[in-house]
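Work through the exercises below with the sequence and the 3D structure at hand. Try each task before you read its solution.

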Amino acid sequence: MDEKGFNLGDDAILLQPIQRTGKTFYLTLFSLIAVILWAAGAYIYQYRDGLGVTGLSRPIYWGVYITNFVFFIGISHAGTLISAILRLAKAEWRRSITRSAEVITVLVLFFGVGNILMDLGRPDRMLNILQYPHFQSPLLWDVLSISVYLTASSVYLYLPLIPDIAILRDHGGRYQWFYRIFALGWSGTERQHHLLEKGISFMAILVIPVAVSVHTVVSFVFAMTIQPMWHSAIFGPYFVTGAIFSGIAALIVAMNLIRKVYHLEDYLRPVHFNNLGILLLVMTLLWFYFTFTEYLTTFYGGEPIHMTIFWMKFTGKFAPFFWGMFLFCFIIPLPILSFNKTRTPYGTLIASISVIIGMWLERFVIVVPTLANPRLPNEAVLYFPTWVEWSVFAGCVAFFILLYMIFTKLFPIVSIWEVREGREKSMAEVQERIKTYLPGIGVE
Amino acid sequence: MHKWGMVIDLDRCSGCQTCMAACHAENNIAIIGPEESAMGRTIHWIELLPFIEGEYPHIKARLLPRPCMHCEHPACIKVCPVGATYANEEGIVGIVYSRCIGCRYCTTACPYTVRSFNWYKPQWPKEMQGSLNRDVSIRGKGVVEKCSFCHHRLLKAREKAKVEKRELLSEDYIPACVQACPSNAMYFGDLNDPFSTVSILSRERRAFKLLEDLGTEPKVIYLSEGM
């Protein structure tokens with residue numbers, strides 16, 4: 001320990017991204033900013049001229065923006081939910097991955113909400129939702145549920161950050177005043193640790209039902225209407241499954257990037273990717289189960305109004321999207337994730353990218369074909385998203401990556417104190433715990 | 001209390017689209033150019049739906065004028081997050097244009113797809129700008145609009161009756177499409193009055209409602225043809 005009472009030891013590498021910033025960072029930063037500015041320009045154009053600049057029309061009133069809304073909110077289930085479940089399950093391998101997961105949740109939520117706001121014809125009146133709330137509308141349920149989720153997951157991200165912020169405060173780097181404020185006077189006493197653990201477990205338990213509720217009510221936006229192939233009771237769990245599915249995939253991609261860019265091979269090891277890969281495999285199968293049930297029910301019932309949409313997805317003009325979804329969500333990831341040999345960091349990365357693309361397509365295939373086939377005869381319009389919609393989408397992705405990068409430059413992306421705690425305490429703890437499982441070994 | 005309803009006799013309807021023209025003029029519906037129309041951006045408060053039945057050579061095409069159904073149990077009202085769409089006590093489903101945030105949830109929830117959205121700022125040729133109907137507010141860019149059963153005419157009729165110190169009669173109030181129909185295929189009146197024309201016709205054997213099984217209970221009743 002040096003005179004500041006502080007010694008990072010082996011974990012010094014975790015602070016390196018905060019201390020040193022290379023050329024690549026700035027290059028990436030500026031290219032991301034360029035994309036964001038382009039997207040902002042596209043949105044301003046839409047704001048000024050109206051939603052006519054999108055490819056939407058009657059009866060396809062919802063398109064890429066609503067797809068993005070569902071997609072981004074889905075991605076947000078990566079973090080908090082996975083991290084909370086792993087924490088509660090006392091999965092020791094969680095220690096170096098929870099932080100990177102929780103950050104995804106908090107940051108990506110803004111883009112979910114942002115997309116629905118950008119979809120409004122009159123964004124200037126968005127506060128009407130607070131001034132004249134009509135609680136019968138599922139959109140209001142979304143507003144409530146997502147606000148609670150954002151708050152809870154922000155707290156849940158912040159609590160385990162406190163000891164690490166204190167390390168940064170004591171370390172004498174830049175932005176001391178900033179870390180001083182947010183460290184909340186953490187000094188690492190027994191009592192503080194006890195309170196922190198309590199707070200984290202409480203939030204972990206709270207956040208799980210909230211996360212489940214979020215994607216359930218997102219599905220209710222569709223399921224509560226009487227439109228064919230939307231009005232389905234399976235939508236709640238189907239959406240939650242899809243959300244966790246795409247969330248884990250996003251987490252694996254993020255971890256791969258962090259690992260490469262910040263040379264954290266020692267912290268994010270193949271075993272982490274292997275374990276997350278198994279989780280992703282479970283979700284792949286669950287996703288298939290729900291998709292199969294949903295479509296088989298429709299097909300077997302054979303109601304004409306449903307079947308029009310069904311065939312439009314299977315063989316009609318939405319077939320490329322539907323089969324693309326099936327390819328990316330199931331056929332590509334399944335074999336990769338099934339074998340120990342391919343469940344490597346690189347293998348899971350490929351499977352995850354595929355799942356992310358597939359899940360975006362899934363949201364699209366849920367939203368658009370139903371709208372394209374109203375019950376009454378209509379003009380047969382096609383929906384081609386315009387450059388404005390694609391630009392805004394690209395801007396959202398770029399903005400998310402930018403915020404994530406900035407986070408890694410301000411805070412350690414791998415929780416230092418938790419890794420340390422794991423090293424120092426949990427070995428013994430786990431041994432004790434295992435003893436309690438086994439007969440014949442006396443534990444007092 | 002009145003319960004306003006409409007009856008459309010498909011036996012009499014010739015598909016001439018006069019109702020559409022009258023509605024456009026009455027309700028200041030924006031003129032959408034041919035390019036935007038091809039993209040599906042037209043706005044109609046009443047329009048003729050083509051029902052194509054059977055396959056060539058035994059094909060049968062029918063046209064069905066469709067205004068807003070003003071449902072008793074409207075799907076649109078439930079889903080509006082800001083309460084911008086509502087039903088008044090006489091059952092007319094209306095929209096508060098100045099409150100609508102343009103989320104288009106109602107347009108997707110309506111099983112009759114009657115609702116239209118203003119994709120751009122509404123425009124009229126210069127020559128028409130002077131002849132807009134002053135009784136009907138102009139909808140701005142980014143809000144939803146639909147048939148109001150010419151609600152402004154009801155307000156006017158009620159004021160007139162008040163001035164003349166008498167009760168409002170069903171005959172005082174008639175929407176523009178019904179008034180303009182050259183083949184007398186459309187009727188309008190009080191469904192609560194058992195002796196009104198619409199009430200009698202709505203109980204006729206030919207009477208049916210669109211997508212009746214959805215339980216929305218439309219107040220627009222059709223009389224089927226060819227019976």
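Five exercises with worked solutions follow.

This is a predicted model: local features need pLDDT of at least 70, side-chain atom pairs count only at pLDDT 80 or more, and totals for chains, interfaces and linings use all residues. Residues are numbered from 1 along each chain as its sequence is written, while chains are lettered from A and ligands numbered from 1 in the order in which they are written.

**Exercise 1. Check the span of helix α5 of chain A, then ask how enclosed the helix is.**

Step 1. Helices (H or I, at least four residues) and strands (E, at least two) are DSSP runs, numbered from the N terminus.
Step 2. The expected span is 1.5 Å times one less than the number of residues.
Step 3. Helix α5(A), residues 98–118, has 21 residues and should span 30 Å. Its end C-alpha atoms are 31 Å apart, which agrees.
Step 4. A residue is buried if 20 or more other C-beta atoms lie within 10 Å of its own, exposed if 12 or fewer, and partly exposed in between; C-beta atoms are placed from the backbone.
Step 5. In α5(A), 17 of the 21 residues are buried, so the helix is largely enclosed by the rest of the structure.

**Exercise 2. Find the edges of the four-stranded open sheet in chain B.**

Step 1. Two strands pair if DSSP finds at least two bridges between them.
Step 2. The order is β8-β1-β10-β9 (chain B), with mixed pairing.
Step 3. β8 (186–190) and β9 (207–208) of chain B each have a single partner strand, so one side of each lacks a neighbour in the sheet.
Step 4. Now look at β1 (4–9) and β10 (220–223) of chain B: they run parallel over four bridges. Asp9(B) stands opposite Leu223(B) in β10(B).

**Exercise 3. Describe the side of chain A that touches chain B.**

Step 1. Residues are in contact if their C-beta atoms, placed from the backbone, lie within 7 Å.
Step 2. By that rule, 35 residues of chain A are in contact with 36 residues of chain B.
Step 3. On this side of chain A, α7(A) gives the most, with three residues.

**Exercise 4. Which residues have the most contacts inside the largest nonpolar core?**

Step 1. Such a core is a set of buried Ala, Val, Leu, Ile, Met, Phe, Trp, Tyr and Cys residues joined through C-beta atoms within 7 Å.
Step 2. The largest has 181 residues, and Ile104(A), Ile248(A), Leu251(A) and Met186(B) have the most contacts inside it.
Step 3. Helix α11 (235–261) of chain A gives the most to this core, with 15 residues.

**Exercise 5. How much of chain B is buried?**

Solution. Of its 227 residues, 43% count as buried.

Conventions. Contact = placed C-beta atoms within 7 Å.
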